[in-house]
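This briefing goes through one protein chain, from a single strand pairing to the overall dimensions. Keep the structure in view and find each element as it comes up.

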Amino acid sequence: INLKVSSTGGNASSPLMYGLMFEDINHSGDGGIYAELINNRAFQGSREFPSTLEPWVPVGNAVFTLQNTSIPLSSALPTSINVAPGPLSSNAKIGLLNPGWWGIDVKPQIYTGSFWALCSYKGNFTVKLQSNLTDDVFASTDIASACQPSKWVEHTFQLEPDLAAPTINNTFVIEFDSGNGAVNFNLISLFPPTYNNRPNGNRPELMEALKALNPSFLRMPGGNNIEGDIFHYPWRWNETIGPLTQRPGRPGTWGYGNTDGLGLVEYLNWCTDLDVEPLLAVWAGMYLGNDPGHILSPEALAPWVDDTLNELEFILGPVSTPYGALRASLGYPEPWALKYVEIGNEDDLYTNGSSTYAAYRFSMFYDAITAAYPDLTIISSTGDYTAVGGNGQTATWTDFHIYSRPDTLVSMFDNFDHVSREYKTLIGEYAIVQENIEGQLEGVNWDLPKFPQPVWIGAVSEAIWSIGAERNSDAVVGMSYAPGFQNLNSYNWSPDLVSFTANVSQTVLSTSWHVINLFSNNRYTSTVPVTSDTSIGPAYWVAGISGEGKYTFKTAIYNTTSTVPFNITFEGVAKGTSGLLTVLSAPGGLSGNMLDGEGVPTDIVSKREEELVAGSAGEFGFELEQWEVA
Ligand code: AHR
């Protein structure tokens with residue numbers, strides 16, 4: 001393949017080209033990136049998930065009862081655990097034990113904890129991190145009770161193990177003397193060190209996995225998890241802010257309750273910490289499902305539009321406004337730099353949903369938001385530019401999602417070549433989820449299983465899809481793989497970008513992660529035209545420039561049995577100029593990364609780097625093979 005790359009004549013590249021999508025799916029938030037180690041810390045039942053004692057275990061002859069005491073910790077967290085001595089009590093210790101979210105990774109580091117108690121007890125509480133398999137106690141400390149019988153009192157502590165525990169099968173325990181009667185506990189919390197040492201923050205190794213992708217935006221908090229299901233309970237920003245005692249939690253969309261400890265402020269801090277643009281999705285009046293009433297009428301939707309304006313005032317408003325003042329009262333006098341708001345999520349999912357979206361739901365939000373915040377970019381969620389604002393304006397951006405098969409996605413390489421340049425597309429979710437069907441370009445069959453993890457042929461086809469997006473960066477503003485995380489102990493959706501367990505060394509970076517890592521860390525400011533003596537396929541390519549002589553060329557090879565030789569000249573590049581060739585490859589198209597039989601993350605993707613030197617005509621020569629990305 002002989003290619004000539006020009007130095008001018010392309011399109012400015014979007015600074016947002018590679019980003020992240022996050023929602024609490026697959027226990028990716030609670031039990032996942034949100035670093036809280038205690039599972040069911042505040043007995044937060046909600047609708048389909050009633051309050052439960054799971055997974056707490058009595059210590060000694062303790063007897064547990066869930067109680068709504070006459071004095072609640074807060075109206076948001078009314079239910080507590082009553083720990084009482086059982087009938088055979090002597091003066092031995094009793095208490096409660098929590099196994100964490102499928103284990104607790106104990107390391108020689110500082111764990112910061114707290115619990116609230118209501119009691120008359122005047123002795124010490126002993127808190128411990130201990131093995132669930134042996135008698136080993138890794139850290140223990142005593143806290144003098146500050147309890148009062150008529151008032152909830154917070155107790156705080158730190159635990160610092162000297163050694164790492166050999167396994168993650170560890171527990172957190174609170175014990176006290178049984179002779180003094182019962183104690184009610186609530187909001188029992190324990191955090192390891194977090195990314196950037198944020199209180200109530202995120203797991204460092206998972207944040208590092210995201211940071212390594214050099215992302216530019218974070219689309220959150222959903223996905224389907226903003227929408228709510230038949231219980232008609234969407235994600236509500238104002239129930240996710242403030243002290244944890246004030247957050248009731250909600251029935252998440254993905255089969256488990258959300259504590260909302262990872263709330264709006266935490267998402268915005270996450271953006272600050274990764275230096276990415278927040279892209280905030282707001283609920284647009286459609287619950288998942290087709291039950292009567294799953295789409296709100298204009299009258300019913302109006303208060304939700306007002307509520308979105310309150311949310312935006314909380315994020316963007318000066319402290320002189322009520323919600324700006326609320327933000328300042330939580331320790332954030334400065335507004336966050338929000339520029340992008342998406343109205344809903346996949347509001348074309350149901351036929352009548354799409355039509356009501358275009359008829360009034362989108363425009364109600366669009367008109368209200370643009371009137372108050374004319375500089376915000378409003379994104380429609382239907383991927384088809386049909387949503388029109390009440391003043392005749394159309395959404396300037398739309399969010400296009402695609403879950404696909406490798407051959408099908410490669411066949412869509414030119415998908416954006418011919419779209420209007422008047423509107424911009426955000427590819428807010430994409431992934432290869434099922435394998436090819438011989439000779440057919442089928443879409444996903446949602447009744448059939450999906451890949452358990454991303455596979456290499458999928459990652460290569462995603463690379464080709466990304467190259468197609470980069471070539472059309474005047475129409476495609478950015479893309480984010482979805483879902484971002486998979487908790488291997490409990491998940492609803494695969495494949496996912498990064499898989500993990502409670503053990504921080506069991507973080508699996510998928511084949512798709514490797515492609516994004518390569519492409520996102522090799523950006524350029526403008527595409528440049530390429531002339532070729534060969535048509536596109538089996539090699540797919542894009543070229544860009546970031547300043548004089550600073551070229552980037554990306555390619556991926558799909559569907560060939562022969563070696564593909566490249567000979568590329570770059571305008572203005574002379575003999576002897578050096579370049580770096582980086583090639584990703586993997587054995588077998590249907591292989592992916594996962595934990596091996598020993599529980600160690602596999603990595604089938606190999607990275608080859610080679611310095612190339614331009615020949616006498618300024619040409620760079622190299623060869624690539626089937627399913628290589630370079
Ligand atoms: O990424 C998983 C789900 O796929 C998202 O929640 C939803 O937007 C899409 O249908």
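How many bridges join strand E5 to strand E12, and do the two run parallel or antiparallel? Three bridges join E5 (residues 80–85) to E12 (residues 183–191), and the two strands run antiparallel. The model is a predicted one. The points below start from this pair and then move to other parts of the chain.

**The open sheet**

- Within the E5 and E12 pairing, isoleucine 81 has phenylalanine 185 in E12 as its bridge partner.
- E5 and E12 belong to an open sheet of five strands, in the order E4-E5-E12-E7-E10, with antiparallel pairing.
- At the edges of this sheet are strand E4 (62–67) and strand E10 (153–159), each of which pairs on one side only.
- From one strand to the next, the twist averages 30°.

**Strand E17 and its partners**

- Strand E16 (residues 277–282) runs parallel to E17, and four bridges join the two.
- One bridge partner in this pairing is tyrosine 340 of E17, which is matched with leucine 279.
- E17 is also joined by four bridges to strand E18 (residues 377–380), again in a parallel arrangement.
- Here the bridge partner of glutamate 342 is isoleucine 379 in E18.
- Strand E17 (residues 340–343) is covered on both faces: Tyr340 and Glu342 are buried on one side, and Val341 and Ile343 are buried on the other.

**Two covered helices**

- Helix H7 covers residues 456–471, which makes 16 residues.
- From its first C-alpha to its last, H7 reaches 23 Å, close to the 22 Å expected at 1.5 Å a residue.
- H7 is largely enclosed by the rest of the structure, because 15 of its 16 residues are buried.
- Helix H8 (residues 511–520) is mostly covered, with ten of its ten residues buried.
- The buried residues of H8 include Trp513, His514, Ile516, Leu518 and Phe519.
- Also among the buried residues of H8 are Thr511, Ser512 and Asn517.

**Isoleucine 568**

- Isoleucine 568 is part of strand E29 (residues 564–570).
- Its relative accessibility is 1%, so isoleucine 568 counts as buried, the cut-off being under 20%.
- Which residues is isoleucine 568 in contact with, leaving aside its neighbours within four places in sequence? They are Leu3, Val5, Phe553, Gly618, Glu619, Phe620 and Phe622.
- Isoleucine 568 and isoleucine 1 are 567 residues apart along the chain, yet their C-alpha atoms are separated by 8.1 Å.

**The chain as a whole**

- The chain contains eight helices and 32 strands.
- Its C-alpha trace spans about 90 × 60 × 45 Å along the principal axes.
- The radius of gyration is 27 Å, which agrees with the value near 25 Å for a compact globule, given 630 residues.
- Of the 630 residues in the chain, 60% are buried.
- When contacts between residues at least 6 apart in sequence are considered, 74% join residues at least 24 apart.
- The chain exposes about 23900 Å², and carbon and sulfur atoms supply 51% of that area.

Note on methods: Residues are numbered from 1 along each chain as its sequence is written. This is a predicted model: local features need pLDDT of at least 70, side-chain atom pairs count only at pLDDT 80 or more; totals for chains, interfaces and linings use all residues. Side-chain values use heavy atoms; hydrogens and water are left out. The expected span of a helix is 1.5 Å times one less than its number of residues. Buried means under 20% relative accessible area, exposed over 50%, partly exposed in between (1.4 Å probe, protein chains only). Two strands pair if DSSP finds at least two bridges between them. Axes are lines fitted to C-alpha atoms, for helices over the stretch in contact, and angles run from 0 to 180 degrees between N-to-C directions. The radius of gyration is taken over C-alpha atoms; the globule rule is 2.2 Å times the number of residues to the power 0.38. Contact means heavy atoms within 4.5 Å. Accessible areas come from the Shrake-Rupley method with a 1.4 Å probe; for residues, only the protein chains shown count as cover.
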